[in-house]
Amino acid sequence: MTGLIYSSPYPEPREAASERPRPGASTTEEFPVRAHFLSHARRLWATLLAFVFAVSGIVVATSVPAYADASCSGSVSVYGVLPDGRLTYTMIDPNNGNIQRVLVSSQALGFTAKAMATLNFNTILVTSTGGVLHRVDIITNGNALTFGKPVVINGGWTHNLLTYDGHGHLYGTTSSGTLLQYLVSQPKPSEPHIGQRREIGNGGFTLKTLAAAGDDRLIATAGGQLISYAIDANGGYKRSQLDDAGWSSFENFVSPGGGLYYGKNPDGAMYWYEDRNPADGSGADITYHLSDPVASRGWTQYLLSADPTTCKVVTPTNTLRSRIGTVATNEIGQAEHSCDKYHEKCDRGDLHWCAMFATWVWQTAGVQGVPRSTFMARGLGEWGVDRGLFKYRSGAGKGSPKIGDWVIYGPPDGGGAGHVDVVTAVRPDGTLTVVGGNVNDKVTRKTIDPDTYRSGAGNYLISGYVSPPGA
């Protein structure tokens, strides 16, 4: 298994919202700027900052446990198919994303695989390009990966994507965008044990990737969006858009359950994500590990699948960051003449109010000790430095921005001509979605490249991020 150093495919560039100071006012904040497109060199930082070592050609970044809320019965097990028809087996530590074992079979499937789904630890289903469904029984995945001769179940399986939810339901999509559900009644099924075909939706499921994330719960990407589907007992479904852009680079997406997601790029990089509450229909509580990938290269499998029953959701004990993102997002479009909501001294916008908005968001979400009397954006940065909460963008990990952080434009020294936003999303391509006050005379959301974007009357780059105390 070989691969290339990670370089994620570029998303479509976005133009930032126009930002400007008011004529005649003290120019301490917004300034017109166009967001710059992500550079190729920037995309290498996640790989180059981490110490790496090779396991069967996969380059793996070391890390420390962080943020995992899922309760897992063991390691995450991911099966894959290589272009030459051999199978792969990868064990991943769910607590930190580290690869623990990589095995490659010496034997090949004997047919060209089109779609696959993991039924359980030692059983996978694989379809051929000719539409034949096979059961593959894993004999061992300890020190070597071996499997029995694929068992033909039946024909007519021309699905583009296939996934199993771990609770008796197999899902597949067709080229026309139909989502189908099948009942699997045995752990090692033959033809009589896969049936009860049910059409869930017709025409709206033209998806790029599809994975089961739990019992009748699916996670998918399409058009750059991250989408979840909850299927009910009657065959109906609820669609939730977890993110509206930034997910187009992934050609494979798998989940072991518990809100853990793994996405593979065409260049062989694998990233991992943690959804603290995968049933809430919101992506505001997804933790990203952009500086700590599962692997920066080497994933040359063109098919991947995982058992979604490996992990279960644990109720989050700290939802502060998610609350901050929700509070900020709910204010988008709030006009400047209503800014007294954020501080009585705003005086309908007579004073610049981006810092007033940022501190109000934190306080409303439940952050303690918020500096509500600090009206300068760079003053909030200085407040963060004094309390050990400031993460410099130029430091290791580019500051590691997270949902709920303040984004500080300009040096964190209490000076003027800066700006402050609130992070509401950290996207897989490294861009940030931020919400800020006093932008176009209202509360505005924009997507930015944190390495090149500038804001404030001083046309400042981002100096770093302030973490909310208690998060």
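**Exercises: a sheet, a helix and two disulfides**

Four strands make up an open sheet, ordered 6-5-4-24, with antiparallel pairing. Strands pair if DSSP finds at least two bridges between them; strands (E, at least two residues) and helices (H or I, at least four) are DSSP runs, numbered from the N terminus. This is a predicted model, where local features need pLDDT of at least 70 and side-chain atom pairs count only at pLDDT 80 or more, while totals for chains, interfaces and linings use all residues. Residues are numbered from 1 along each chain as its sequence is written, and side-chain values use heavy atoms, with hydrogens and water left out.

**Exercise 1.** Find which strands stand at the edges of this sheet, and explain why one side of each lacks a neighbour.

*Solution.* Start with the ends of the order 6-5-4-24. Strand 6 (99–108) and strand 24 (303–306) each have a single partner strand, so one side of each has no neighbour in the sheet. Next, look at how strand 6 is held: strand 5 (residues 86–92) pairs with strand 6 in the antiparallel sense over six bridges. Here Arg86 stands opposite Ala108 in strand 6.

**Exercise 2.** Work out how many residues of helix 2 are buried, and what they pack against.

*Solution.* First, the cut-offs: buried means under 20% relative accessible area, exposed over 50%, and partly exposed in between (1.4 Å probe, protein chains only). Helix 2 (residues 320–329) is mostly covered, with seven of its 10 residues buried. Among them are Leu320, Ile324 and Val327. Then look around the helix: its buried residues pack against helix 3 (354–365), strand 28 (419–426) and strand 29 (432–439), where contact means heavy atoms within 4.5 Å.

**Exercise 3.** Locate the disulfides in the whole structure and give the handedness of each.

*Solution.* A disulfide is a pair of cysteine sulfur atoms within 2.5 Å, and a search of the whole structure finds two.

- Step one: Cys72 is joined to Cys311, with S to S 2.0 Å. The pair links distant parts of the chain, 239 residues apart, with Cys72 in strand 3 (residues 71–72) and Cys311 in strand 25 (residues 311–312). The torsion about their S-S bond is about 105°, so this disulfide is right-handed. Cys72 is partly exposed at 25% relative accessibility, whereas Cys311 is buried at 4%.
- Step two: Cys339 is joined to Cys346, with S to S 1.9 Å. The torsion is about -100°, so this one is left-handed. Cys339 is buried at 0%, and Cys346 is buried at 0%.
- Step three: with the bonded cysteines numbered in sequence order, the pairing reads 1-2, 3-4.
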